[in-house]
Amino acid sequence: MATPYDFSYASEIDRDALRPTTSTWVKHFGFLAITFCTATIAGVVPPFGPGINFPPLDFPGWNDTALFLSWAPTLYVLFVVDVVRSLFASPTLLIEGISFSIPLLIILISHEMGHYVACRLYGVEATLPYFIPTPPMI
């Protein structure tokens, strides 16, 4: 009878089928890089950082909901472009964004790799962790 820590039964599984390919590693590192960029942007906008507020306080359509909703996507894109421009122009702002994104991603990577390693130990098929980038403030 196998004990809870006896992994001899896992040797019966074709381990090569569980190994990620080079293209899989590239895809996952690409997602991680994009997630790093979006997390850095998120680290300099409120509520996580002292960056630029969205939407602009001088927007004339505050009283007209339809006007605001029709302009919201354009305002959001301009907001993200302005934040990225500010990141490249101000090293202190960039350092603040990176000091938010690196610890966040280290925590996420550690947690998700724990799942992946446990699945590998028990012979459960699992993909590498996906880091799905989201636009800041969403």
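Start by selecting Ser101: at 0% relative accessibility, this residue counts as buried (buried means under 20% relative accessible area, exposed over 50%, and partly exposed in between, with a 1.4 Å probe and protein chains only). Before going on, know that you are looking at a predicted model, where local features need pLDDT of at least 70, side-chain atom pairs count only at pLDDT 80 or more, and totals for chains, interfaces and linings use all residues. Residues are numbered from 1 along each chain as its sequence is written, and side-chain values use heavy atoms, with hydrogens and water left out.

**Stop 1: around Ser101**

Ser101 sits in helix H3. Helices here are DSSP runs of H or I with at least four residues, strands are runs of E with at least two, and both are numbered from the N terminus. Now show the side chain of Thr40 as well. The side chains of Ser101 and Thr40 make a polar contact at 2.9 Å. That term stands for a pair of N or O atoms within 3.5 Å; within protein, one must be able to donate a hydrogen and the other to accept it, and residues adjacent in sequence count only if both atoms are side-chain atoms. Add Phe36 and Ala39 to your selection: along with Thr40, they are what Ser101 touches once residues up to four places away in sequence are set aside. Contact means heavy atoms within 4.5 Å.

**Stop 2: zoom out**

Switch to a cartoon view. How many helices and strands does the protein have? The secondary structure comes to 3 helices and 0 strands, so to speak an α-α-α pattern when read along the sequence. Of the 138 residues, 26% count as buried. Turn on the surface, too: the protein exposes about 9400 Å², and carbon and sulfur atoms supply 71% of that. Accessible areas come from the Shrake-Rupley method with a 1.4 Å probe, and for residues only the protein chains shown count as cover. If you draw contacts between residues at least 6 apart in sequence, 70% of them join residues at least 24 apart.

**Stop 3: helix H1 and its partners**

Select Thr35, which is found in helix H1. Is Thr35 buried or exposed? At 10% relative accessibility, Thr35 counts as buried. Light up Leu105, Phe131, Ile132 and Pro133 next, since Thr35 is in contact with these four when neighbours within four places in sequence are left aside.

**Stop 4: the loop at Gly49**

Follow the chain onward to Gly49, in the loop between helix H1 (22-42) and helix H2 (65-89). Gly49 counts as buried, with 17% relative accessibility. Beyond its neighbours within four places in sequence, Gly49 is in contact with Gly43, Val44 and Glu96. Try a distance label as well: Gly49 and Phe100 are 51 residues apart in sequence, and their C-alpha atoms are 8.6 Å apart in space.

**Stop 5: along helix H2**

Select Tyr76 and Phe79. The whole structure holds 3 aromatic pairs, and Tyr76 with Phe79 is one of them, tilted, at 6.3 Å centre to centre with 40° between the planes. Rings of Phe, Tyr and Trp (its six-membered ring) pair if their centres lie within 6.5 Å; planes under 30 degrees apart count as stacked, over 60 as edge-to-face and the rest as tilted. Both residues lie in helix H2, 3 residues apart, about one turn of the helix, and both are buried.

Stay in helix H2 and pick Asp82 and Arg85, which are also 3 residues apart, about one turn. Side chains of opposite charge can pair when their charged atoms come close. Asp82 forms a salt bridge with Arg85, with the closest N and O atoms 3.6 Å apart; the term needs a side-chain nitrogen of Lys or Arg within 4 Å of a carboxyl oxygen of Asp or Glu. The structure holds 1 salt bridge. Asp82 is partly exposed at 29% relative accessible area, while Arg85 is exposed at 53%.

**Stop 6: past helix H3**

Go to Pro129, in the segment after H3. Pro129 is buried, at 12% relative accessibility. Which residues does Pro129 contact, leaving aside its neighbours within four places in sequence? Show His28, Glu112, Met113 and Tyr116 to see them. The C-alpha atoms of Pro129 and Leu108 are separated by 9.4 Å, with their positions 21 residues apart along the chain.
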